[in-house]
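The exercises below are meant to be worked with the sequence and the coordinates open side by side. Each begins with a task and is followed by a solution in steps.

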Amino acid sequence: MHLNHDSGAPAADLIGFDDFLRVDIRIGTIIEAEPFPEARKPAFKLKIDFGDAIGVKKSSAQIVSRYALEDLPGRQVAAVVNFPPRQIGKFMSEVLTLGFADEAGEVILFAPDRPVPNGSRLF
């Protein structure tokens, strides 16, 4: 799924600004998190509230090594909300929760450093 986690990798090919605008990245607040033992790689199932216009969406996130399940509700995260849903085992993931790889290659969630309204779009 990911092109390259290496922080030393060169930048991807150039895209136009219109291409960037087509990717709809929004902020939401995790309202529920639960284990996902059926996943091939360790993951959590998340329910994320993106506000009235988008609503609550489900996502699978491979973040078990860096986050405790009980610490996730109430946390704001960024996600791509306009990809088609993706079947992950018996779970339908509706949005792609975003993160960056740390020095060990583990996912660190991408989030604002201050609270913003759910549904806020990245620009």
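**Exercise 1.** Does R26 count as buried or exposed, and at what relative accessibility?

*Solution.* Bear in mind from the outset that the coordinates are those of a predicted model. Begin by placing the residue: R26 is found in strand 1, which covers residues 25-35. Next, compare its accessibility with the cut-off, which is under 20% relative accessible area for a buried residue. Because R26 has a relative accessibility of 19%, R26 counts as buried. Then list its surroundings, leaving aside neighbours within four places in sequence: R26 is in contact with F50, I54, V77, A78, A79, V81, G119, S120 and R121.

**Exercise 2.** Which residue forms a salt bridge with R26 at 2.6 Å, and which residues are joined into one network by salt bridges that share partners?

*Solution.* Start from the charged side chain of R26, which forms a salt bridge with D24, the closest N and O atoms being 2.6 Å apart. Check the partner's accessibility as well: D24 is buried, with a relative accessible area of 13%. Now turn to the two other pairs that can be described individually. E32 forms a salt bridge with K47, and here the closest N and O atoms are 4.0 Å apart. This pair links distant parts of the chain, since E32 belongs to strand 1 and K47 to strand 2, 15 residues apart. E32 is partly exposed at 33% relative accessibility, and K47 is likewise partly exposed, with a relative accessible area of 33%.

The side chains of D102 and R66 meet in a salt bridge at 2.6 Å, N to O. D102 lies in the loop between strand 8 (99-101) and strand 9, and R66 in the loop between strand 3 and strand 4, so the pair ties together parts that are 36 residues apart in sequence. Of these two residues, D102 counts as buried at 16% relative accessibility, whereas R66 is partly exposed, with a relative accessible area of 36%. Finally, salt bridges that share partners join D24, R26 and R121 into one network. The count for the model comes to four salt bridges.

**Exercise 3.** What is the order of the five strands in the open sheet, and which strands lie at its edges?

*Solution.* The order is 3-2-1-4-7, and the pairing is antiparallel. The edge strands are strand 3 and strand 7 (96-97), each of which pairs on one side only. Work inward from strand 3: six bridges join it to strand 2 (residues 44-49), and the two run antiparallel. In this pairing, F44 has A61 in strand 3 as its bridge partner. Strand 2 and strand 3 form a hairpin with six residues between them, and G51 in the turn has a positive phi of about 90°. Continue to the next pair, in which strand 1 and strand 2 are antiparallel over six bridges. Here E32 stands opposite K47 in strand 2, and a salt bridge also connects E32 with K47.

One residue of the edge strand can be examined further. S60 lies in strand 3 (residues 56-61) and is buried, with a relative accessible area of 18%. Not counting residues up to four places away in sequence, S60 touches F36, A43, F44, I88, F91 and S93.

**Exercise 4.** Which members of the largest nonpolar core touch the most other members, and which residues form a nonpolar patch on the surface?

*Solution.* The largest nonpolar core has 15 residues, of which I30, L46, I48, I63 and L72 touch the most other members. Strand 1, strand 2 and strand 4 (76-80) are the elements that give two or more residues to this core, and strand 2 gives the most, with three residues. Apart from this core lies another, of five residues, among them I25, A78, V80 and L98.

Turn then to the surface, where I15, F17, F20, L21, F100, F110 and L122 form a nonpolar patch with about 690 Å² of accessible area together. Helix 1 (residues 17-22) supplies the largest share of the patch, three residues. L122 lies in the segment after strand 9 (107-109) and is partly exposed, with a relative accessible area of 37%.

Technical notes:
Residues are numbered from 1 along each chain as its sequence is written. This is a predicted model: local features need pLDDT of at least 70, side-chain atom pairs count only at pLDDT 80 or more; totals for chains, interfaces and linings use all residues. Side-chain values use heavy atoms; hydrogens and water are left out. Patches are made of residues with over 30% relative accessible area and no salt bridge: like charges are joined within 9 Å, nonpolar side chains (Val, Leu, Ile, Met, Phe, Trp, Tyr) within 5 Å. Accessible areas come from the Shrake-Rupley method with a 1.4 Å probe; for residues, only the protein chains shown count as cover. Helices (H or I, at least four residues) and strands (E, at least two) are DSSP runs, numbered from the N terminus. Buried means under 20% relative accessible area, exposed over 50%, partly exposed in between (1.4 Å probe, protein chains only). Contact means heavy atoms within 4.5 Å. Two strands pair if DSSP finds at least two bridges between them. A nonpolar core is a set of buried Ala, Val, Leu, Ile, Met, Phe, Trp, Tyr and Cys residues joined through side-chain atoms within 4.5 Å.
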